[in-house]
Amino acid sequence: MTTTPRQRLRHLAATYGVWIFMTILTLLPIWWMFVVSMRSRVELFARPNLALTRFFTENYSNVLTDSTFQRYMTNSVVVSTSNAVLVMALALLATYALSRYKLTGRDNIFFWLITNRMAPPAAFLLPLYIMFTRTFRIGDWTLYDTQIGLILLYCVFNLPFAIWLLKGVVDGIPIELDDAAMIDGAGLGGVLRHVIIPLAAPGLAVTGILSWVFAWNEYLFAANLTSVNARTITTGLAEFVTVTGTNWGELAAMSMITLIPSAIIVILAQRYIVMGLTFGAVKE
Amino acid sequence: MRDSRTGWLLLSPTLIILLVFGFAPFLYVLFVGFNQWNIFSADDGLVFNGLDNFRRLVFDDDFLHSVGLTMRFAIFAIGSQIVLGFVLAQMLTRNFPGKSLFRVIHTLPLMVAPIAVGAIWRLLVIPGFGPAPFFLDRWFDLTYQIGTYPDQALWTSVIMDVWHWTPFVTLTMLAGLTAIPKEPVEQAKVDGANRFQVFWYVTLPFLRPVLLTTVFIRIMDAIRTVDEVWMLAGGGPGTRFTGIYIWRVVFPRTDYGYGSSISIITLYLTIVLCWLLFIAISGRRKGEVE
Amino acid sequence: MKKLFTLVLLLAFVLLANMSLVTADMHDWWAEAAAPYAGTTIRGVSESTPPSNYVADVLAAQFTELTGINVEFETTSWDQMYSKAINDMEANTGIYDFVYIEQDIIYSYLAQDYLVNLTQFAADNMDLAYADYDESAFTSFADYFKNADGDLFGVPMEAFVKVYLYRKDLFENADIQAAFEAEYGYPLAPAETFEQYRDNAEFFTAYGESMDMDLWGTTVQGSTGHPASTYEFLESIGPSFGLYNWGINLETGSAQSANGGALDGETAIEALSYWTGLLPFAPPEATSSTWDEVASSFAAGRAAQGWVYGENAAWIATDESRSAVTGNVGVRLPVTAPGVIEAAEMGEGYIGYYDGGAFGVPHSSRNKEATLLWLQFIGQSSVQAEWAAAGARITHTATFDDPLIAEQDTKVDGYYTLLEEQGPLFAGAPPFPFHAQVREIIDPFVQRAILGELTAEEALSQAAAAVDEELSRLGYGM
């Protein structure tokens, strides 16, 4: 199959056409969010105008100088990072077990693990609330309103996803490599460290990143199971919706700010995301 | 095979966390689902009422309607995401200048918190300050009011979901496409297959596991969607999806018994749906091995 | 003459000295009473509104300085506030030492015995009773937080009524007045009857269109995705037509006219069809508008008249950073059907909802004493005026006469005078222990009436039947 330069040019033009169009569609809502974050409250209700009329930074300064906001931000960073690390570690161990050991009911266990992500969250809030405030209680300390509580809870929806993702990756690593390492005298830890982790690195990276993003973005549990100390940034967003007028400008400013950390991570990790997302589709 | 005890040991932290924070609440919800329990009723204790909640549910138009809406939402949203994601991923397999920039921009929506997504889209589509109704009216003379037309609210949620989650599908598809070995494709071309035949007989079978897995993950998440749609339209007619309906029953109505039974049924339906998909995926895998 | 002057001077001096003495005394009293609790932290949950933000930002700091008791505020959205407070009180967790009680939920809380009887508790702890805190200083609004014996369960912190706002610049414009009179045959004026209200709405919608302005005739709080629409119908439009207590007869436990209810009665149908009939004259966002968007639309100058919660009146009329209609806002009593005002004056009905909230102490609180001090601090007379000026809320009778408020009053076209004089015509929510439950049942029917999927009659007869079903399920019905 040969293509003439003309055909190739046409092809390239079509590619750019599609991508420029997609980029505009993708960026439009984000741009609008940015425009809103640059407007004062009274300006918002003028005739809709997609252009940036002026640099009005008060929304940002209000949000950034607010000490509550800073606390929320810290909580979000701590919770999602710890959760991502924990999920990566546990999921790696679990998938290794599921992939290499003959465990009774392996497929069923795997499927059961996945079903944990399917539960409609609303009805589960009540038992979780009771668990957080009563079951896990030592003296005055409860799991409610703590970072550790959220970190553990987020495993419920992140672990299934992570295990699924890694299962394919670990399955794809030939078992002969494990055996070779063991013959060389490596124990389980050695095999994981020297064989599995290096080969599964892209998969692990994408697991970590997506877990981080899911945890960073979670709202419902955070809103109901924290109060003051462990509140995350997404719950902070809801505070701008008030009876006397939603403060859209500050809400948009805060949304922009929360977008930045996750955007940076994704930009840095683009390569791994694609390499790691194969779900073990094809075995080499 | 190796000593299964080590295997269980490796699996145990995961199992413990999921048993405590996933399975135990599930048991609680299951238990409550068989009871009449509303804390603001005259007699506010738990009263066992057998299958009454489930009987009530079968005749609950609001619930059935919400299931129908959720299905429409999931099918339209996921369908569009798969098609769009596949086409875009296909375009990303070739190199062209600026590709990585386009890819990064395309991934951005995935990074926005659902609640912020809902807020942004509300700002886009609410008449008065949203540009969408304004320009649709001015340029195309279309009336666009998600509060007045339930269909528009549903479509807006679908489009919002497509905006938010297509990047995820594109990335998984791209990963799947890059992993396809070159030889079978070349071979098919040599054998004189046209592009559609190459796609249908070579690419698609290779892509099937990724495709099904992606669909599976998207179904799980689409069925439990709450935050975004809640912010966008509050779950009015047109967007009263099952997740939101459950929320309304459990929270403002505090009808914990009934809300729990709806959750159980919804979870059950999701599991059945996903189990079928799962069999499709693992069936394929077994076929490969043997 | 000279004697008199000396006397006045002396008197003034004594008064001043006394006052500073009182202030010093006050400091001592707080420090002393709070001594056993200094260092504790009390925590409350509230919606983020101007009055509660003032409490969180200003009053809490003052209180902490005086007493050493820390006050932590969790501000959150309207739905979240309820779910969190109710979870806490139901599970008896003790997370919150004080909770925001919106007036309409108080009966549900009382029925479940969630709240500490503040009158009783203060009487039992005389050493904690502060002299400048007096339950009788509150306006009649405090009555809606009392039980049958007159004991108080919440310290009122905000209070307002839903009023009729109109745009003075439009209503007083000579050209517009002439055009209106030419068309309708009588002079343009703020509406006093429903017919007049609709004429005004129709006129200004047409006017906005002809002038290519973003202007419509009325606001409608008609969100189809939020209980706000049900509230406007049941608490503002309904009562002004003479539909009281949501049309639910508490004695028979029914909303159907066949059993003594009125939700499917003629008055209700008339009210609902009148209200949904206003939608063509409301800005397009009306069907997505909750209370805050209604206020925002009016503030943006998109409606010529409308029903707007009073808590918004002040900022709409005065805050240039948020409102485009400052200085042009007229405030009146909402329109009513003939006879409704008279009935309200005789105490046989009400013309609208007296809304607001209070802070109460859940039984589950573990710092009740410290919280009692805190609630007295925000309930004392001396903090009221500035708080009222900052948050457009008045809960003390004396606050109406404060110069700060008198000054504000002229800027908001006599809103405070209206609140003081006509406030008693409004009433708190019906004493339902099932407030949110039944509202949720009515919601979808009101929403479908707004969408035009059901006629007013269909919507209300189905709603009444559904309400009865829920009431009997809850054990309050027949």
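These legends go with a set of views of a predicted model.

**View 1. Chain A, an extended chain of helices with a pair of strands.**
Welcome to chain A, which holds 11 helices and 2 strands. Starting at the N terminus, its elements follow the order α-α-α-α-α-β-β-α-α-α-α-α-α. Chain A has a radius of gyration of 24 Å, well over the 19 Å expected from the globule rule for 284 residues, so the chain is more spread out than a compact globule. The C-alpha trace of chain A covers about 75 × 70 × 30 Å along its principal axes. Even so, 52% of the 284 residues of chain A count as buried. Among the contacts in chain A with a separation of 6 or more, 76% are between residues 24 or more positions apart.

**View 2. The two domains of chain A and where they touch.**
Here chain A is split into domain 1, residues 1-56, and domain 2, residues 66-276. Taken over C-alpha atoms, the centres of domain 1 and domain 2 of chain A are 32 Å apart. The two domains do touch: 8 residues of domain 1 of chain A are in contact with 6 residues of domain 2 of chain A. On the domain 1 side of this contact, 4 residues are nonpolar, 2 are polar and 2 are charged.

**View 3. Chain B, with a helix ahead of its strands.**
Chain B contains 12 helices and 2 strands. Reading from the N terminus, the order is α-β-β-α-α-α-α-α-α-α-α-α-α-α, with one helix before the two strands. Along its principal axes, the C-alpha trace of chain B spans about 75 × 70 × 30 Å. Of the 290 residues in chain B, 51% are buried. If you follow the contacts in chain B with a separation of 6 or more, 69% of them link residues 24 or more positions apart.

**View 4. The contact between chains A and B.**
This view looks at the contact that takes 84 residues from chain B and 78 residues from chain A. On the chain B side, helix H1 (residues 4-32) of chain B provides the largest share, 17 residues. The residues on the side of chain B that touches chain A comprise 57 nonpolar, 22 polar and 5 charged.

**View 5. The contact between chains B and C.**
Now turn to chain C, where 27 residues are in contact with 28 residues of chain B. Helix H3 (78-91) and helix H18 (435-451) of chain C each supply at least two residues to the side of chain C that touches chain B. H18(C) gives the most to that side, with 7 residues. By class, the side of chain C that touches chain B has 9 nonpolar, 13 polar and 5 charged residues.

**View 6. Strand E3 of chain C and its two partner strands.**
How many of the 5 residues of strand E3 (residues 98-102) of chain C are buried? The count is 5 of the 5, so strand E3 of chain C is largely enclosed by the rest of the structure. C:Phe98, C:Tyr100 and C:Glu102 point one way from E3(C), while C:Val99 and C:Ile101 point the other way, and all are buried. Strand E1 (residues 41-47) of chain C runs parallel to E3(C) and is joined to it by 2 bridges. You can locate this pairing by finding C:Gly44, which stands opposite C:Phe98 in E3(C). Strand E7 (residues 354-360) of chain C runs antiparallel to E3(C), with 4 bridges between them. For this second pairing, look for C:Tyr100, whose bridge partner in E7(C) is C:Phe359.

**View 7. Strand E5 of chain C beside strand E4.**
Strand E5 (residues 305-309) of chain C has 5 of its 5 residues buried, so the strand is largely enclosed by the rest of the structure. Which residues point one way from E5(C), and which the other way? C:Gln305, C:Trp307 and C:Tyr309 point one way, C:Gly306 and C:Val308 the other, and all are buried. Strand E4 (residues 155-167) of chain C and E5(C) run antiparallel, joined by 5 bridges. A handy place to pick up this pairing is C:Leu165, whose bridge partner in E5(C) is C:Gly306.

Definitions and conventions
Residues are numbered from 1 along each chain as its sequence is written. Chains are lettered from A and ligands numbered from 1 in the order in which they are written. This is a predicted model: local features need pLDDT of at least 70, side-chain atom pairs count only at pLDDT 80 or more; totals for chains, interfaces and linings use all residues. Two residues are in contact if their C-beta atoms, placed from the backbone, lie within 7 Å. Ala, Val, Leu, Ile, Met, Phe, Trp, Tyr, Cys and Pro count as nonpolar, Asp, Glu, Lys and Arg as charged, and the others, Gly among them, as polar. Domain bounds come from an automatic or database domain assignment. A residue is buried if 20 or more other C-beta atoms lie within 10 Å of its own, exposed if 12 or fewer, and partly exposed in between; C-beta atoms are placed from the backbone. Two strands pair if DSSP finds at least two bridges between them. The radius of gyration is taken over C-alpha atoms; the globule rule is 2.2 Å times the number of residues to the power 0.38.
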